[in-house]
Amino acid sequence: MGTNASNPGPYASVQDALARYDVRLWGDLCGDAGVRYTAAQLADRSILAGQRLYALLCDASADVEMACLRGGRYTAEDLAGLQGMALSGLTRLVVNRAMVLGMRARDPSRPTGDLTKEADATLKQLELGEAIFGIQEVADAGAGMETRNLRVIRPDGTESLDFYAEWAAPPAE
């Protein structure tokens with residue numbers, strides 16, 4: 001079995017989700033049989049509604065993490081360490097994705113429209129390097145460069161992933 005390269009929890013909290021969308025909407029999506037849950041109940045992982053919202057945030061975080069890891073530009077540690085506007089962008093992406101997943105779970109035939117398109121497009125842009133989070137090494141790679149993670153094995157046997165860059169196309173002369 002390989003080394004786990006995943007974050008242990010979601011990249012957005014229940015409080016982040018409640019700050020970005022009306023609590024009544026989350027309450028409807030996470031409730032059953034017409035029961036609408038409150039913010040306190042949605043934050044309580046000992047009840048089903050709280051477990052559902054947390055699971056949606058975990059599933060959305062997994063989608064984001066997979067796209068970022070596939071692109072080879074970020075590690076789970078990079079994502080967990082984001083700050084400022086980069087963190088806000090990651091949080092918004094996870095919460096939007098969680099909302100889409102919640103809508104699909106509630107009613108698979110319900111159109112999710114622009115929200116799905118926006119989340120899917122952002123995931124693809126992250127994977128391809130067309131959108132980046134605020135990590136200096138990725139930004140320093142510049143246009144026309146692809147960043148990759150170089151696995152370095154230290155003398156003590158531990159591993160690290162270090163950035164290196166390669167040209168996607170040779171520079172124009």
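Student: Before we look at α4, what is the expected span of a helix?
Tutor: The expected span is 1.5 Å times one less than the number of residues in the helix. In this predicted model, helix α4 covers residues 48–71, and its 24 residues reach 35 Å from the first C-alpha to the last, which is close to the 34 Å expected.

Student: And what phi does Gly72 take, just after α4?
Tutor: Gly72 takes a positive phi of about 75°.

Student: OK, zooming out, what pattern does the protein follow along the sequence?
Tutor: The secondary structure comes to eight helices and two strands, and reading along the sequence gives α-α-α-α-α-α-α-α-β-β, with the two strands following the helices.

Student: Which residues touch the most other members of the largest nonpolar core?
Tutor: That core has 36 residues, and Trp26, Leu53, Leu57 and Val94 are the ones that touch the most other members. Two or more residues apiece come from α1 (14–20), α2 (23–30), α4, α5 (76–80), α6 (84–106) and α7 (113–128), and α6 gives the largest share, ten residues.

Student: What does Leu57 touch, then?
Tutor: Leaving aside residues up to four places away in sequence, Leu57 touches Pro10, Ala12, Ser13, Val14, Ala17, Val94, Val95 and Ala98.

Student: Different topic: how much of the protein is buried, and what area does the protein expose?
Tutor: Buried residues make up 36% of the 173 residues, while the protein exposes about 10000 Å², of which carbon and sulfur atoms supply 53%.

Student: And the contacts, what share join residues at least 24 apart?
Tutor: Among contacts between residues at least 6 apart in sequence, the share joining residues at least 24 apart is 58%.

How values were computed:
Residues are numbered from 1 along each chain as its sequence is written. This is a predicted model: local features need pLDDT of at least 70, side-chain atom pairs count only at pLDDT 80 or more; totals for chains, interfaces and linings use all residues. Side-chain values use heavy atoms; hydrogens and water are left out. Helices (H or I, at least four residues) and strands (E, at least two) are DSSP runs, numbered from the N terminus. Buried means under 20% relative accessible area, exposed over 50%, partly exposed in between (1.4 Å probe, protein chains only). Contact means heavy atoms within 4.5 Å. Accessible areas come from the Shrake-Rupley method with a 1.4 Å probe; for residues, only the protein chains shown count as cover. A nonpolar core is a set of buried Ala, Val, Leu, Ile, Met, Phe, Trp, Tyr and Cys residues joined through side-chain atoms within 4.5 Å.
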